[in-house]
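Hi everyone, thanks for coming. I'd like to walk you through a structure that's probably new to most of you, so let's put it up on the screen.

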Amino acid sequence: MNFTLKIWRQKNRTEDGKLVTYAVRDISPDASFLEMLDVLNNDLVVKGEEPVAFDHDCREGICGSCGLMIEGRAHGPNRGCATCELRMRSFPDGDTITV
């Protein structure tokens with residue numbers, strides 16, 4: 001699956017932030033949203049760019065520290081589902097996702 005991500009990037013609380021657009025390709029529909037962000041971060045590091053910072057701990061849907069605003073909703077489109085449990089099959093292939 002392929003996605004376009006629009007991610008809010010802000011260096012620190014005193015600097016202005018902005019939405020930055022990234023393309024991620026060949027993502028498994030079974031990958032979690034956090035695993036997809038891991039793929040993006042690996043690509044960014046290889047390019048010498050700053051990876052996307054996001055909180056996570058257990059990645060098992062227990063702790064809740066992985067909360068992201070995805071498409072304007074806490075944890076994304078699925079109710080009762082932490083971000084680490086959100087599978088990429090929940091989005092149409094080719095979708096643009098705002099984080």
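**Overall shape**

Let's start with the whole chain: for 99 residues, a compact globule would have a radius of gyration near 13 Å, and the protein chain has 13 Å, so the two agree. Before I go on, keep in mind that this is a predicted model. If you draw a box around the C-alpha atoms along the principal axes, you get roughly 35 × 30 × 25 Å.

So what is the chain built from? There are 1 helix and 5 strands, and starting at the N terminus the order goes β-β-α-β-β-β. How about contacts along the sequence? Take those between residues at least 6 apart: 50% of them join residues at least 24 apart.

**Inside and outside**

Buried residues make up 31% of the 99 residues in the chain. As for the outside, the accessible surface comes to about 6200 Å², and carbon and sulfur atoms account for 45% of that.

**The largest pocket**

Now for some empty space. Rolling a probe the size of a water molecule over the atoms shows where it is left. Here, the largest pocket has a volume of about 430 Å³. Which residues are closest to its centre? Of the 20 that line this pocket, those are Trp8, Arg9, Gln10, Val52 and Ala53.

Two strands to look for on the screen are S1, residues 3–9, and S2, residues 18–24; each supplies at least two residues of the lining. Sorted by class, the lining has 11 nonpolar, 2 polar and 7 charged residues.

**Two backbone spots**

Last stop: a pair of residues with positive phi. One is Asp26, where phi is near 60°, and this residue is something other than glycine. You'll find Asp26 in the loop between S2 and helix H1, which covers 33–46. Is Asp26 buried or exposed? Its relative accessibility is 70%, and exposed means over 50%, so Asp26 counts as exposed.

The other is Glu71, again not a glycine, with a positive phi of about 55°. Glu71 lies in the loop between strand S3, residues 69–70, and strand S4, residues 73–74. How does Glu71 come out on accessibility? Its relative accessible area is 41%, so Glu71 is partly exposed.

That's my tour. Happy to go back to any part of it on the screen.

Note on methods:
Residues numbered from 1 in each chain as written. Predicted model: local features only at pLDDT ≥ 70, side-chain atom pairs only at ≥ 80, totals over all residues. Heavy atoms only, no water. 1 Å grid on protein atoms, 1.4 Å probe; cavity = no way out; pocket = protein on both sides within 12 Å on 5 of 7 lines; lining within 4 Å. Points joined across faces, edges and corners; volume = space filled by probe spheres on them. Helix = DSSP H or I, 4+ residues; strand = E, 2+ residues; numbered from the N terminus. Nonpolar A, V, L, I, M, F, W, Y, C, P; charged D, E, K, R; others polar. Rg over C-alpha atoms; globule rule 2.2 N^0.38 Å. Buried < 20%, exposed > 50% of the residue type's maximum accessible area, 1.4 Å probe, protein only. Contact = heavy atoms within 4.5 Å. Areas by Shrake-Rupley, 256 points an atom, 1.4 Å probe, with all protein chains shown as cover.
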